[in-house]
Amino acid sequence: MKTNRRNFIKGITGASAGMLLPTACISKSDGKEEAATGPYIPKKNRPVKSNHDVVVVGAGLSGLHAAMLLEEQGFDVQVIEGRQRLGGRIYTLNNVPGKPEAAGEFIGANYARMINTVHKLGLEMHNPDSGNSINRPWLYNIKGEYITAENWESHKLNPLEGEDRSLLPHRFLSAISHRDNPLQGKPLNAWLEPEYHQYDIPHDQYLRAKGVNEETIKLMNVVIHAGGMPNTSAMNELRRYHVMNFSNGKISFPDGTGWKMIKGGNSLLPEAMANSMKNEVQLGRTVVGFIEENGTVTVGCADGSEYKAKHVVCSIPITVLRNITFEPYISGISKEAIGNMDYGLSVQAHFIIKEPFWEKDGMEPNMWTDGPLERFAIRSKREEGDPYAGLAFINGPESLKFRLMTDEQVFDYVEQKLAEIRPSTKGVLKRLMIQSCERDIHGAGDWVYWQPGQVKKFGNHMRKNHGNIHFCGEHTAIMERGMEGAFESGERAALDIILNA
Ligand SMILES: Cc1cc2nc3c(=O)[nH]c(=O)nc-3n(C[C@H](O)[C@H](O)[C@H](O)COP(=O)(O)OP(=O)(O)OC[C@H]3O[C@@H](n4cnc5c(N)ncnc54)[C@H](O)[C@@H]3O)c2cc1C
């Protein structure tokens, strides 16, 4: 299948106008296709052998976006996915009251590619009262002492000085890391430029040099979504807040809001994307190896299935790639990156709250702690008859230990730690589910993060093709992060094939 650069650019203007148009300009009526509705129902698995123009591995946002763009350009595309569900790190927990998002949650107003796809597929977005901690004050438990948001500023355990004392503990990391951010005012890809390699150092070292004290750095460890302050590159955090603040106040949805979610649950998006494809997405096809010979790539799966194509788009998270064989081998810096890059982890323990324990002890329901539990938040009821639901959310280095625990052990641990600091929770929690995107063989943690020295070493190698295998996924994005980063990376991989086919 051939296309030329002109046709492609013409096509992509309609297909992925997000790249070119400000978000607010894209109206729902721009969508030409009919809404793809209804749950995606996979057919029963049996090993298959098939040939295509392109095989896309992974039915998360990056893989599905690449697949849709390629199909729009006339390629015969087959998407295969290891799990028995679509979406990867988009996962609405439909069986938990309030249907919380277990992963990708907030769609920023600057998520142009993603918003365009949402409109195109006839889905709606809204700003639900997600009922989580966002709009409710935390009750802080620091060194075993309860502190309310109101008395934080004057409290003796507040380690900050001067005007900074009004910053609440969950805001330290973002407020202080972004202050004097060397990337401010620079393009979104500036973090890869050699002049900024001087910031590719441990984040605690960077902050210490700026006069931040040890106690503050310690509290920052509760929120850091990576491997802990010493093991995270300052550039990781500087880039993170640079991306977050890039469009702040400049781009908003037409109703003035800065973020939205998909009505009915974010999982409806990957389902609609898959439904829009000509070839049914094949679920339960765990890829175990790639062999490239005479310009054809054979993709081998755990169930014996084999898919052949001239090009492969591979959206498998980089940590999972360690378990997959490549023939010819991947060597050099790319191999080192596969062996060393990592994702920030988080684990969520979901409960039904049988009785509102905060009415018993008269304190705020949401807890933010510097102990091993980190955060416990209550979701407000969506419907009058709904029970209260709550979740413990632990991320960063504190979440590592849960890799070694069964779900029951995680529940035991969370309940015990919670009861120690909040006795009124004893006996009122009903166990629902443990969720972590990393808790199965196909999963990565939440977002990729860069360890000190890795931006310099691997920053420009993450996107390097291996023969006709084109890598995508949020970890390969240059400008954006999170869900829009996934879309950006899928677009890049698709472009690579379309423009060079
Ligand atoms: C708790 C949490 C909160 C988040 N909140 C936000 C947020 O508010 N806003 C935001 O923008 N982003 C957020 N993110 C990040 C966002 O969800 C991800 O960056 C994005 O969804 C990643 O998409 P992807 O396509 O790159 O990867 P994935 O979604 O991981 O897709 C990769 C796919 O490959 C499949 N796969 C893996 N191995 C194999 C194999 N061997 N064979 C076949 N298939 C395989 C996986 O099952 C998966 O479906 C959050 C993530 C988490 C976990």
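**View 1. Residues around the ligand in this predicted model**. The ligand is surrounded by 35 residues. G58, G60, G88, G104 and G482 are the closest. Two elements each give two or more residues to this shell: helix 2 (61–72) and helix 15 (482–500). Helix 15 gives the most, with four residues.

**View 2. The make-up of the shell around the ligand**. Sorted by class, 15 residues of the shell are nonpolar. Another 14 are polar, and six are charged.

**View 3. Helix 7 and what covers its buried residues**. Helix 7 spans residues 214–223. Its buried residues are T216, I217, L219, M220 and V222. Helix 5 (172–178) and helix 6 (203–209) are included in what covers them. An α-helix has 3.6 residues a turn, so residues three or four places apart point the same way.

**View 4. The hairpin of strand 5 and strand 6**. Strand 5 covers residues 139–142, and strand 6 covers residues 145–148. The two run antiparallel and are joined by four bridges. One of the pairs to look for is L139 with T148, its bridge partner in strand 6. Two residues lie between the strands. In this hairpin, K143 takes a positive phi near 50°.

**View 5. Strand 5 beside strand 14**. Strand 5 also pairs with strand 14 (residues 367–369). Here the strands run parallel, with three bridges between them. Y140 has W368 as its bridge partner in strand 14. In a regular strand the side chains alternate between the two faces of the sheet.

Methods: Residues numbered from 1 in each chain as written. Predicted model: local features only at pLDDT ≥ 70, side-chain atom pairs only at ≥ 80, totals over all residues. Near = placed C-beta within 6 Å. Nonpolar A, V, L, I, M, F, W, Y, C, P; charged D, E, K, R; others polar. Buried ≥ 20, exposed ≤ 12 C-beta atoms within 10 Å, placed from the backbone. Contact = placed C-beta atoms within 7 Å. Pairing = 2+ DSSP bridges.
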